[in-house]
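Trainee: Could we go through how a few labels on this protein are earned? I would like to see each value set beside its definition.

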Amino acid sequence: MPVIAANLQAVRQRLIKAAQQAGRSPGEIELLAVSKTFPADAVRAAFSAGQHAFGENYVQEGIDKIAALADLRDHLHWHFIGPLQSNKTRAVAEHFDWVHSVDRLRIAERLAAQRPAGLPPLQVCIQVNISGEATKSGVAPAEVLLLARQITRLPGLHLRGLMAIPEPSSDVTAQRRPFAALRALLATLREDGLAVDTLSMGMSSDLEAAVAEGATIVRVGTAIFGARAPASQPS
């Protein structure tokens, strides 16, 4: 079995086991294969092994990959998961299906205005700086509800939920703490009447903790595609 297919199978088994241990259905959790810095051929190999959702961190790299895989466009779901600058919103609005990294109203407004009318609404998540790291993107937890209310009023966007990249930890209890906080924030949005259903959290090293705390999308790159070289692309 090719390496990527075998890796995907192993990750899926981890997800199934994690879901079962949490008393959840594995079908509630979507695996997002983070293909940043890997070539289109790697995505094609993953697709051949049954993977349909892919995450990209760099706008131009992602667009180039989408173009290279145009024959599969109807079968692939492209998620933009990296920091997004104002001058890159049009390209993302025109090419991607999801954006996980909306962290301010201005970005949401530009995505809404630039989403082509012929495309379905852009599915978006608010990125939350759940660990309060000075170097990490994301809105402060206390500001999430206001931003969520503002986004729901914008045309061309569909607010799905929240995303976070917590401070790394090798301790499972410490891993679960920020995920639990993000889950509580999503509950707050629901209590406010917002129809949100997505918790994008968990990566190769902590997906079990994320699943235990309610993740609906886990973003896995290394465990599928292998270690990546340091990126040189601008976002």
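Mentor: Here is a short talk about a lysine and the strand before it.
Mentor: This is a predicted model, where local features need pLDDT of at least 70, side-chain atom pairs count only at pLDDT 80 or more, and totals for chains, interfaces and linings use all residues. Residues are numbered from 1 along each chain as its sequence is written, and side-chain values use heavy atoms, with hydrogens and water left out.

Trainee: Why is K36 called buried?
Mentor: Buried means under 20% relative accessible area, exposed over 50%, partly exposed in between (1.4 Å probe, protein chains only). K36 has 18% relative accessibility, so it counts as buried.

Trainee: What does K36 touch?
Mentor: Contact means heavy atoms within 4.5 Å. Leaving out residues up to four places away in sequence, K36 touches G55, E56, N57, Y58, E61, K65 and R228.

Trainee: Which modified residue does UniProt list at K36?
Mentor: An unreviewed UniProt entry lists N6-(pyridoxal phosphate)lysine there; such annotations may be inferred rather than shown by experiment.

Trainee: Where is K36 found?
Mentor: K36 is in the loop between strand 1 (30–34) and helix 2 (40–48). Helices (H or I, at least four residues) and strands (E, at least two) are DSSP runs, numbered from the N terminus.

Trainee: What makes strand 1 largely enclosed?
Mentor: 4 of its 5 residues are buried, so the rest of the structure largely encloses strand 1.

Trainee: How do you know that strand 1 pairs with strand 8?
Mentor: Pairing requires at least two bridges found by DSSP. Strand 1 and strand 8 (residues 217–220) run parallel and are joined by 4 bridges.
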